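Okay, thanks for coming, everyone. Have a look at the structure on the screen, and I'll walk you through some contacts, then the pockets, then a bit of strand pairing.

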Amino acid sequence: MHKPLPVVQAFAKRYLAAQFSRHPERVPGCGPYNLASWQPGRQLTLTRKPKWWADRVSPQPPQLQAYPHGINYQIIPDAATAVLALRRGNIDLYPLIPATEFARLQQSPADRRHLQFLTADSYEFLAAHFNTRAPLLQDRLTRQALTHLFNVPALIQATQLGHAYASVGLISPRVKQFYNDSLPLLKYSPEQTAQLLRQAGWQQQPERNWSRITEAGTQQQLRLSVSYRAGEPSFETAALQFQAAAAAVGIPIELRPTEASLLNRQQQQGSTQISLLNLSGNPFAYDFTPILHSQSTGLYNISGFGTPSSDRLIEAIAKEDNPVAKARLLRRFQQLIYEERPLTVLYFLQYRIAAARRLGKIAVSGLKPGYIVTSIHSDSVAQER
C-alpha cells in the first residue's frame, strides 16, 4: 500500500492533538447534539442543540430527524447486568443483545408487557479466513474441502438461536440486486471434504491422517490451527464444531483463542492458518480492496489472497456507478471467491434489540447498533448499552 502523503500525516497529527473527542466545543459540528458529559468506560450523554439548522428544513427527511432531547449511552459490559437494568427501567433500550438473553426476555410474560422486541438484518457476518500464504492452504481444492466441515445451520441455531442467515459470499442475500443466487449455499459434507482432498493430492494413511508429497519432493501432513478472539462464544462454538468435524475425517485441528491485539498482529504477519472473525459491510459501497486486494496483504487482507485479475475486478467494482454493470461485476466477484475460497462466509447476523414499549415505534437498521436513535419520538432519555 502507498504511504500517506506528508501533508495528510501532518493534518492527522494536528487533528489528534486537538482532542476533539474530549473537547467538542473546539469543533461544534453541524449535527443536532452536543456532548454534555463523558465518563470513559461508564457513560456518555448528549444533549440536543436548542437551535439546530435542520429544524428549519421542511419536509424533514429521516436522516435529519432528531427527536430525543437527550441521549445517554450507558456502558455495561456484562450482559446479565444490562438485562437487569433494562427490566428495572434503569435503561430504556438494549441493542446487540445476546441471543440467549433475548429469548429469555421474550419468554417472560412480565417482560413482554413492558418491552418490545425487534430484529434487523445486518451487513455483519462471521467468516472463516484461510491464509493462502500458509503452505498447507495454498491450493484452492484444500480450502474448498475444509469449508465443507462447517455445519452452518447448526451454528446459526447454536450461536444465534436462529437469528442469522446463510450466504454464498460477501454480499448479503437480502441485497437481491447484487447477490449471486446462482451459487449453492455451503453444504456440510465430510464426504465432499474427503473427495476434494484426494483431488488436491492428499492421501489418507492407514492411521487415518492425511499426507501428500509436494512438487519439491517434501512430505506434508494435514494438521491445522484455528485462531480467533478469546472470550467470544460464537467463535468458540464454530471452532469446536469445526475441530470435531475435522477429527472425524482424520484432520487434527489445534484451537488458538487469542487476545484481540495479539491476534491482529499475528494475522497481519501471516502467522495464522485459519481465522474466525466478524466483518461488516454496508449497502452503500462495495469496495473489497482492504480485505482481498493484493496490496492490502499485511494489513487487513489476512488471507493474503490476490491476483492481477482479482485486483482488477475489485478495482472495477469500486469505480462502477451503473447498477446493472455493478451487479454483473459483483456476480463475477462472488463466483471467483466461491471457487478460490480465501474466506468462507458462514452467516450474516441479525441484530436483536429489546426496548421499553413507552419509546414507541423504533426504526431498525442493518448498520450498528441496529436502530436509529434520533428517530425515537419519546421525550425521555433513550439509553443504550
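Let's start with a pair of charged side chains: Glu-340 makes a salt bridge with Arg-143, and their closest N and O atoms sit 3.4 Å apart. Keep in mind as we go that this is a predicted model. So where do those two partners sit? Glu-340 is in helix H12, residues 323-340, while Arg-143 is in helix H5, residues 140-147, so this pair ties together parts that are 197 residues apart in sequence. Is Arg-143 buried or exposed? Arg-143 is buried, because its relative accessible area is 2%, and the cut-off for buried is under 20%.

That pair also has company. Arg-140, Arg-143, Glu-339 and Glu-340 are joined into one network by salt bridges that share partners. As a general reminder, side chains of opposite charge can pair when their charged atoms come close.

How many salt bridges are there by the rule used here? The count comes to 13. Let me show you a couple of others. Glu-124 and Lys-368 meet through their side chains, at 3.8 Å from N to O. Here Glu-124 belongs to strand E5, residues 115-130, and Lys-368 to the loop between strand E13 (343-356) and strand E14 (382-384), so the pair links parts that are 244 residues apart in sequence. The two ends have opposite surroundings: Glu-124 is buried, with a relative accessible area of 6%, whereas Lys-368 is exposed, with 53%.

Then there's Arg-48, which forms a salt bridge with Asp-55, with 2.7 Å between the closest N and O atoms. Asp-55 counts as partly exposed, because its relative accessibility is 38%.

Now, pockets. Hang on to Glu-124, as that name is about to come back. The largest pocket holds about 960 Å³ of space. Which residues are closest to its centre? Of the 39 lining residues, those are Glu-124, Arg-229, Glu-232, Ser-234 and Asn-278. Several elements give two or more residues to this lining, including E5, helix H3 (99-106), helix H8 (233-248) and strand E12 (274-280). The largest share comes from E13, with five residues. By type, the lining of the largest pocket divides into 22 nonpolar, 11 polar and six charged residues.

The second largest pocket has about 310 Å³ of space. It is lined by 17 residues, and nearest its centre you'll find Ser-280, Gly-281, Asn-282, Ala-285 and Phe-288. E5, E12 and helix H10 (289-292) each supply at least two residues of that lining. The split there is 12 nonpolar, four polar and one charged.

You'll have heard E5 and E12 come up for both pockets, so let's finish with those strands. How do E5 and E12 pair, parallel or antiparallel? They pair in the antiparallel sense, over seven bridges. In that pairing, Leu-126 stands opposite Asn-278 in E12, and Asn-278 is among the residues closest to the centre of the largest pocket. E12 also runs parallel to strand E10, residues 224-229, with three bridges joining them. Ser-227 stands opposite Ser-275 in E12. And E12 is mostly covered, with five of its seven residues buried.

That's my tour. Happy to rotate the view if anyone wants to see something again.

How values were computed. Residues numbered from 1 in each chain as written. Predicted model: local features only at pLDDT ≥ 70, side-chain atom pairs only at ≥ 80, totals over all residues. Heavy atoms only, no water. Salt bridge = Lys/Arg side-chain N within 4 Å of Asp/Glu carboxyl O. Buried < 20%, exposed > 50% of the residue type's maximum accessible area, 1.4 Å probe, protein only. Helix = DSSP H or I, 4+ residues; strand = E, 2+ residues; numbered from the N terminus. 1 Å grid on protein atoms, 1.4 Å probe; cavity = no way out; pocket = protein on both sides within 12 Å on 5 of 7 lines; lining within 4 Å. Points joined across faces, edges and corners; volume = space filled by probe spheres on them. Nonpolar A, V, L, I, M, F, W, Y, C, P; charged D, E, K, R; others polar. Pairing = 2+ DSSP bridges.
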